[in-house]
There are 2 protein chains.
Amino acid sequence: MAKTSIFNELSFQDQDKLLNDFKARSSSFSKGVTIMSNLRTTRDFNIVKSGTINIIRFNYNGTRTIIETLEEDDIFGHFSSATQEELYVIAETDAEIISFNYDQIFQRYSKNIDLHYQFNENVVKILANKLQATNDRIQILTEKTIRNKLLNYFNSLYKKNLSKNITIPFSLTNLADYLSIDRSAMMRELKNLKDEGLINQKGKKIQLLYYIN
Amino acid sequence: MAKTSIFNELSFQDQDKLLNDFKARSSSFSKGVTIMSNLRTTRDFNIVKSGTINIIRFNYNGTRTIIETLEEDDIFGHFSSATQEELYVIAETDAEIISFNYDQIFQRYSKNIDLHYQFNENVVKILANKLQATNDRIQILTEKTIRNKLLNYFNSLYKKNLSKNITIPFSLTNLADYLSIDRSAMMRELKNLKDEGLINQKGKKIQLLYYIN
DNA sequence: TTATTTTTGTTGCTTTTGCAACACTAATTA
DNA sequence: TAATTAGTGTTGCAAAAGCAACAAAAATAA
């Protein structure tokens, strides 16, 4: 399933028409700034127009978990959130966000119907993609041991790139964060996997030496 | 956010028109039967018309994890799946399923436009709901200790019912499954919580004795 | 109603994991 | 380029969790 962008099949002109219909507004944020601190209760539908942003949860003990990293044409809104704790949206780089009221996308428009149909199709496809990605993550998180979490994660990268030479797309510290395991315990397990000849590893570069499927 | 059904705001007549447009087909399954063994690759959009079904993953070691339990008017499809392992759809009770090709929902229909708009709105809302529920589950799974997983889960039930007297909606065995923890370790932790006076518990009935928020 | 299966509750033991602390390297910013 | 911050790699120890096994209760089927 190829990644769908929210503006798939829509020209820049079409995009302008849509955003105009939605009464969308645009805001700019500098690197490091908190874009939103109440993601759970927002009624806005948000599109990242440029830059990179992180959706972050702060735990009781002060540690943080990156829930999602978003880039150009990715979307976020109340659906990105868990109901329990509040999530923060933070600009990883300078970023531009377009926002409009969530219910706008359900309006029946008499003009530009084709554009709205296309937009709707994109929304459905993106949500379905996100749901699948989230289900992937659940599968990894439900693995009981650190070893299985790692192997499961490696396999998902393998299937994405169809290569046994994979590169972790973020720092090892963030990987531990993503897998929800202790970093030092993860390093220990990586070492075990190396010692047992299952992988080669240097920093974020990992070579899978075991048979897959 | 109230739960949206796929046929929200659509009369039975409207439903028939839609399903006719979609060239939908209906199938019946007896309790215990495997409805589908290749959820990952299906191109169908499926609706549960009656009964209860489970989406299940079988782990290497033979244990199973219930990914989702679905009832009347719930939907499932490739978006329900993780890309790694294959998921099974199994009839928990006698069940009736309606299926049609996934791409049908993106067709531009000249007739019954309002119905299709409404259906599309329902699809988006349901997917957003599911995404939120899945994010909830991720939050619970990222908790590091059994105690925190339990408390987090109890809190989510508390927030749903706004009562400190909660009832686990499935067996304790399945709860351990859902939280991805060892059942006996979970029982031990439940006992600890009781001994420390944080909860009362008898079977699936739990009373929360601690201060929330 | 009895028999059978599933679920609950419990415990000892072992393994895994998290925590804390520290040295070292790489990357970023002044 | 130097100074500062962020990330990597490692270890000992303590705490938490998994595994295995079994008895008792509850639910379901015969």
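Is A:Asn112 buried, exposed or partly exposed? Count its neighbours to find out. A:Asn112 has 15 C-beta neighbours inside 10 Å, so A:Asn112 counts as partly exposed. A residue would need 20 or more such neighbours to be buried, and 12 or fewer to be exposed. Keep in mind that the model you are looking at is predicted.

Stay with A:Asn112 for a moment. The residue sits in the loop between strand 8 (95-101) and helix 2 of chain A. Its phi is positive, about 55 degrees, although A:Asn112 is not a glycine. Chain B offers another residue of this kind. B:Ser180 is not a glycine, yet its phi is positive and near 60 degrees. Find B:Ser180 in the loop between helix 4 and helix 5 of chain B. With 16 other C-beta atoms within 10 Å, B:Ser180 is partly exposed.

Now step back to the whole of chain A. Its secondary structure comes to five helices and 11 strands. The C-alpha trace spans about 65 × 40 × 30 Å along its principal axes. Chain A has 213 residues, and 27% of them are buried. Look next at contacts between residues at least 6 apart in the sequence of chain A. Of these contacts, 71% join residues at least 24 apart.

Next, put the two protein chains together. Two copies of a chain are related by a rotation about an axis and a shift along it. Here, a turn of 180 degrees and a shift of 0.0 Å along the axis lay chain A on chain B, with an RMSD of 0.1 Å. The two copies are thus related as by a two-fold rotation axis.

Where do the copies meet? In chain A, 34 residues are in contact with 34 residues of chain B. Helix 2 (113-141) and helix 3 of chain A each supply at least two residues of the side that touches chain B. Helix 2 of chain A gives the largest share of that side, with 17 residues. By class, the side of chain A that touches chain B divides into 11 nonpolar, 15 polar and eight charged residues. Do the chains use the same surface or different ones? The copies meet through the same surface, because 100% of the interface residues of chain A are also interface residues in chain B.

Now look inside chain A, at helix 3 (residues 146-161) and helix 5. The axes of these two helices come within 10 Å and cross at roughly 75 degrees. That angle makes helix 3 of chain A roughly perpendicular to helix 5 of chain A. On the helix 3 side, the contact is formed by A:Ile146, A:Arg147 and A:Leu150. They meet A:Ala185, A:Met186 and A:Glu189 in helix 5 of chain A. The residues of this contact divide into four nonpolar, no polar and two charged.

A loop residue joins the picture here. A:Ile181 lies between helix 4 and helix 5 of chain A. Leaving out residues up to four places away in sequence, A:Ile181 touches A:Ile146, A:Lys149, A:Ala176 and A:Met186. A:Ile181 has 19 C-beta neighbours inside 10 Å, so A:Ile181 counts as partly exposed. Follow the chain on to A:Asn200. A:Ile181 and A:Asn200 are 19 residues apart in sequence, and their C-alpha atoms are 21 Å apart in space.

Finally, turn to the DNA. Which residues come nearest to DNA strand D? Of the 19 residues around this strand, the nearest are A:Leu172, A:Ser184, A:Met187, B:Thr145 and B:Ser184. Two or more residues of this surface come from each of helix 4 (172-179) and helix 5 (183-195) of chain A, and helix 3 (146-161) and helix 5 (183-195) of chain B. Helix 5 of chain A gives the most, with four residues. The surface near DNA strand D has five nonpolar, six polar and eight charged residues.

DNA strand C also has 19 residues around it. The nearest of them are A:Thr145, A:Ser184, B:Leu172, B:Ser184 and B:Met187. Helix 3 and helix 5 of chain A each supply at least two residues of the surface near DNA strand C, as do helix 4 (172-179) and helix 5 of chain B. Helix 5 of chain B gives the most to this surface, with four residues. By class, the surface near DNA strand C has five nonpolar, six polar and eight charged residues.

Definitions and conventions
Residues are numbered from 1 along each chain as its sequence is written. Chains are lettered from A and ligands numbered from 1 in the order in which they are written. This is a predicted model: local features need pLDDT of at least 70, side-chain atom pairs count only at pLDDT 80 or more; totals for chains, interfaces and linings use all residues. A residue is near a molecule or strand if its C-beta atom, placed from the backbone, lies within 6 Å of it. Ala, Val, Leu, Ile, Met, Phe, Trp, Tyr, Cys and Pro count as nonpolar, Asp, Glu, Lys and Arg as charged, and the others, Gly among them, as polar. Two residues are in contact if their C-beta atoms, placed from the backbone, lie within 7 Å. Copies are superposed by least squares on the C-alpha atoms of residues with pLDDT of at least 70 in both. Axes are lines fitted to C-alpha atoms, for helices over the stretch in contact, and angles run from 0 to 180 degrees between N-to-C directions. Angles under 35 degrees count as roughly parallel, over 145 as roughly antiparallel, 65 to 115 as roughly perpendicular and the rest as oblique.
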